[in-house]
Amino acid sequence: FYSAEAKTGKEYEMKKTAEGMWYLAFNQNLTGKYYGYYVDGPAGKGERFNPKHLLSDPYAYANDGSYGKSVVVGDAYKWKEPGFKTPAAKDLVVYEMHIKSYTSHASAGVSADKRGKYLGLLEGADSEKILGNLKALGVNAVELLPVHEFDNKAAPSGVNYWGYMTTHFMAPESSYATASDGRQVTELKKLIDGLHENGIAVILDVVYNHTAEGNEQGPAFNFKGIDNREYYRLCDNPDFYWNGTGCGNEFRTDSQMGRRYVLETLMHWVKEYKVDGFRFDLATIIDKETMTAINDTLPKNVVLIAEPWAADWNCNQWSKGDFRNTRWAKWNDDFKNNVRNFASGRANRDNMMTLICGTCYWWAAKPTETVNFVECHDNATMMDACGGNQKIAMLAGLITLTSQGIPMLHEGQEFLKTKFGNDNSYDQDNEINHIDWSLKAKNKKAFDFFAGLVKIRHAYPQFRNDRPLTDKDIKWMLVENNNGLGYQLFGKENDVIVLLNGDQNNWIKFALPDDKEWKVLCNGAEVSLTGVSSAKGDYSVPPVSGVILARKK
């Protein structure tokens with residue numbers, strides 16, 4: 001086709017190769033042209049061939065939205081930062097964010113043509129907003145909610161905002177570009193290149209557990225009409241789909257072509273976009289052999305993170321402990337739930353000790369197998385969960401950034417963003433999800449607190465171990481009040497102490513190890529690498545607060 005709107009185009013018959021693949025080559029430059037497939041095949045239960053329905057290409061490098069034609073694009077982008085080095089897993093500080101949310105609010109100050117777009121995220125490099133915020137906070141990796149082309153309308157409300165309804169796994173989401181004519185490829189590359197220039201790795205949230213084609217009543221974008229039986233898990237009655245995702249179907253990663261598709265599309269993002277890692281949504285829907293193949297196939301510097309559950313727990317293909325001693329890291333909901341409870345005065349101190357040490361001896365073999373968080377795109381923000389109590393939110397953040405493992409912050413958490421009580425904002429393209437940058441100025445002390453904690457984490461390697469801690473690494477400081485917990489981390493050059501008080505009303509006194517002076521890096525409200533004060537002897541921690549002390553050997 002010569003345009004996205006064209007009703008007719010020139011048809012070409014494809015030929016079947018000896019391998020069983022349908023193939024056609026052109027000895028001409030088709031860049032900028034649009035295309036699609038008509039596919040026919042056998043009739044019968046579980047088959048969904050319709051030779052009159054134009055299908056887009058599941059391997060398309062770009063697509064005209066979810067419902068439109070595929071686009072032929074060139075590869076003329078020249079990288080400014082081709083040799084970016086992905087931080088080691090133990091050194092990561094991850095920031096989960098949504099492309100559109102970050103720059104859509106008027107307070108972002110982004111020009112209209114870049115508002116809510118890929119290029120908008122590169123604005124404000126020398127300001128307090130957007131890229132400047134990421135730099136000042138000190139995170140070294142962003143985890144982008146889905147940027148694969150997704151069905152923007154796949155929700156009862158007609159707004160699929162987060163993007164967890166993929167239609168094309170190799171094509172960048174076109175609504176985040178200034179146009180859907182293929183420039184989404186260049187503009188996403190510019191974003192990744194710009195983040196790399198500023199020392200920030202890029203992790204993509206990918207959704208290989210299901211697609212936007214849904215159940216037997218859903219649309220046919222591509223997979224259904226090309227080979228429904230090969231790409232989806234079907235019930236005993238093959239007219240119906242498995243649905244452990246709660247989204248209508250399960251992608252058949254355990255088939256020959258399904259697994260091949262996953263591996264080839266992941267490698268596309270690594271090679272063509274220089275992506276540094278992936279976070280796999282509802283990853284237990286993906287079969288164990290494919291998870292192992294991903295681990296073994298992708299370059300060793302690529303970060304692999306799994307959300308280790310399904311919508312229907314009975315449909316899990318594997319469990320959290322199945323990938324011990326691999327590079328697979330898992331989102332740690334045990335951490336989230338226990339830390340929220342501790343910061344709210346409902347401590348389980350034994351659990352907290354395990355989690356602080358990287359969840360080792362539960363389901364992780366080493367700290368880098370856990371991603372620690374108390375807030376993400378799902379469910380309530382920390383501020384909403386604790387009823388607007390800033391001290392609880394900040395204490396939970398301190399525990400996240402001082403525990404062993406990979407810490408993850410959610411966009412706006414650093415300045416106490418709220419979603420106004422909405423705990424499932426997947427369909428909210430409004431102020432519930434959009435970042436109101438005036439909140440950062442309002443809660444500047446909170447931002448300085450989080451940014452200071454990130455600096456401490458980067459400065460002290462004791463917080464960033466890639467092996468289980470032993471008695472030579474840590475010494476616990478237990479007090480009578482079960483809502484109090486302290487520990488000393490030993491280092492080659494410095495020792496560090498962390499004192500935590502989750503009691504909502506009472507101060508808790510900790511006896512420091514000796515009568516020598518310690519530098520107070522964090523007193524519960526202020527943070528400074530040079531120290532906010534000094535202490536020795538006993539140290540009393542205020543209610544709902546965390547304290548960090550350090551001393552040279």
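Modeller: Let's fix one term before anything else: a residue is buried under 20% relative accessible area, exposed over 50%, and partly exposed in between, using a 1.4 Å probe and protein chains only.

Colleague: Okay. What makes Asp 254 partly exposed?

Modeller: Its relative accessible area is 37%, which falls between the 20% and 50% limits. By the way, this is a predicted model, where local features need pLDDT of at least 70 and side-chain atom pairs count only at pLDDT 80 or more, while totals for chains, interfaces and linings use all residues. Residues are numbered from 1 along each chain as its sequence is written, and side-chain values use heavy atoms, leaving out hydrogens and water.

Colleague: Why do you say that Arg 233 and Asp 254 meet in a salt bridge?

Modeller: That term needs a side-chain nitrogen of Lys or Arg within 4 Å of a carboxyl oxygen of Asp or Glu. Here the N to O distance is 3.2 Å, so the pair qualifies. Both residues lie in the loop between H4 and H5, so the bridge ties together parts 21 residues apart in sequence. Arg 233, at 5% relative accessibility, counts as buried.

Colleague: What are H4 and H5, then, and how do you know where a helix is?

Modeller: Helices are DSSP runs of H or I with at least four residues, strands are runs of E with at least two, and both are numbered from the N terminus. H4 covers residues 223-231, and H5 covers 256-273. H4 has buried residues, among them Phe 223 and Tyr 231, and their cover includes H5 and strand S9 (166-172).

Colleague: Which salt bridges does Arg 259 form?

Modeller: One is with Asp 287, with the closest N and O atoms 2.8 Å apart, and another is with Glu 289, at 3.4 Å. Both distances are within 4 Å, so both pairs count. Arg 259 is buried at 16%, whereas Glu 289 is exposed at 55%. The whole structure has 27 salt bridges, and Asp 205, Arg 279, Asp 281 and Glu 307 are linked in a network of them.

Colleague: And Lys 417: what makes it a residue with no salt bridge?

Modeller: Lys and Arg count as positive and Asp and Glu as negative, with His and the chain ends not counted. The nearest side chain of opposite charge, Glu 411, is 6.7 Å away, so the 4 Å limit isn't met. Lys 417 is buried all the same. Its side chain does reach the backbone oxygen of His 434 at 3.4 Å. That's a polar contact (N or O atoms within 3.5 Å; within protein, one must be able to donate a hydrogen and the other to accept it, and residues adjacent in sequence count only if both atoms are side-chain atoms).

Colleague: Why is Arg 457 called buried?

Modeller: It has 0% relative accessibility, so it's under the 20% limit. Arg 457 sits in helix H12 (residues 444-459), and the residues it touches (heavy atoms within 4.5 Å) include Leu 92, Thr 400 and Phe 463. A polar atom of its side chain lies 3.0 Å from the backbone oxygen of Ser 403.

Colleague: Last one: how do you know that S20 and S23 pair?

Modeller: Pairing takes at least two DSSP bridges between two strands. Three bridges join S20 (residues 518-522) to S23 (residues 545-552), so they pair. The two run antiparallel, and Val 520 has Leu 549 as its bridge partner in S23.

How values were computed: Lists of a residue's contacts leave out its neighbours within four places in sequence.
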